[in-house]
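Student: Could you walk me through how the helices pack here, and then through the core?
Tutor: Gladly; let us look at the model together.
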Amino acid sequence: MISAVIMAGGKGERFWPRSRTNLPKQFLSLTDDGKSMIQHTVDRLKDLVSIENTYIVTNEMYKDLILEHLPNLPIENIIIEPEAKNTAPCIGLAAVHIAKKNPDSKMIVLPADHLIKFNELFLDTLETALEAINDGENIVTIGITPSYPETGYGYIRRGDTEYLREHSDNSALAYRVAQFVEKPDLQTAQGYVASGDYYWNSGMFLFRASRYLDELKQFRPDIYQACQQAMQIIEPDLDFVRVNKEAFMQCPDDSIDYAVMEKTADAVVVPMD
């Protein structure tokens with residue numbers, strides 16, 4: 001089974017003044033068709049993931065907007081965080097929820113606010129990444145091939161080839177991650193681009209639900225325990241999944257990059273143009 005987890009709780013502060021707290025960028029349209037970014041995020045996955053296996057993690061402020069923009073989404077697939085605790089706990093809550101149904105489910109974790117113009121290329125990359133999960137062991141991230149020396153993004157340095165699939169130019173489609181690096185200065189970014197060994201960190205991840213929880217338990221047991229406890233007692237609210245506030249407020253704030261990706265021995269990057 002393949003599940004999609006879309007992180008949609010951000011306030012879109014970097015997109016101000018277009019994006020506002022009560023209507024952040026994931027609910028805005030940047031395209032002529034009038035569809036919002038979160039609608040496009042769900043739509044572009046429809047050939048891989050059913051709407052019944054699509055989950056949204058958001059906060060109290062945006063739950064009704066989610067239903068308005070995604071009327072076909074089952075209400076029980078909306079997970080409400082009591083407070084934003086960064087991406088590691090956000091994904092942890094979804095992984096616990098999905099693992100209860102199917103621990104071997106492959107998760108595609110995406111932000112709700114990406115603009116992607118070439119859906120076929122994107123889906124092909126995701127299919128490669130799903131293959132690269134490799135029996136549940138690998139923790140996969142998507143790396144964007146840099147087109148210029150951007151200083152506002154983190155980078156991923158690739159290591160050895162993970163595997164080859166028949167490809168027109170016989171190029172490697174997945175690499176072991178050698179290193180995650182912070183946002184560089186211009187000269188360093190120029191070196192990264194020139195080397196051909198670095199990708200922009202996209203914030204997209206793929207893994208089995210149980211595998212993410214295993215790594216979270218090993219490297220950040222405090223986050224793991226908080227997510228497990230928060231999901232044990234679901235507070236009643238129609239059919240929304242409202243996690244237990246008291247338990248979740250004890251959860252530390254950390255990103256998936258710091259909590260898991262930089263520590264795991266099984267990080268793999270799949271490049272996307």
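Tutor: Helices H6 and H7 are oblique to each other, because angles that are neither under 35 degrees (roughly parallel), over 145 (roughly antiparallel) nor 65 to 115 (roughly perpendicular) count as oblique. This is a predicted model, in which local features need pLDDT of at least 70, side-chain atom pairs count only at pLDDT 80 or more, and totals for chains, interfaces and linings use all residues. Residues are numbered from 1 along each chain, and side-chain values use heavy atoms, without hydrogens or water.
Student: What angle do H6 and H7 pack at, and how far apart are their axes?
Tutor: H6 (residues 209–219) and H7 (residues 221–232) pack at about 125 degrees with axes 5 Å apart, the axes being lines fitted to C-alpha atoms over the stretch in contact and the angle running from 0 to 180 degrees between N-to-C directions.
Student: Which residues make the contact?
Tutor: With contact meaning heavy atoms within 4.5 Å, H6 gives Leu213, Leu216, Lys217, Gln218 and Phe219, while H7 gives Pro221, Ile223, Tyr224 and Gln228.
Student: Switching to the core, which residues touch the most other members?
Tutor: In the largest nonpolar core, of 45 residues, they are Ile91, Met107, Val109, Phe207, Tyr212 and Ile256; such a core joins buried (under 20% relative accessible area, 1.4 Å probe, protein chains only) Ala, Val, Leu, Ile, Met, Phe, Trp, Tyr and Cys residues through side-chain atoms within 4.5 Å.
Student: And which helix gives the largest share?
Tutor: H3 does, with nine residues.

Terms used
Helices (H or I, at least four residues) and strands (E, at least two) are DSSP runs, numbered from the N terminus. Buried means under 20% relative accessible area, exposed over 50%, partly exposed in between (1.4 Å probe, protein chains only).
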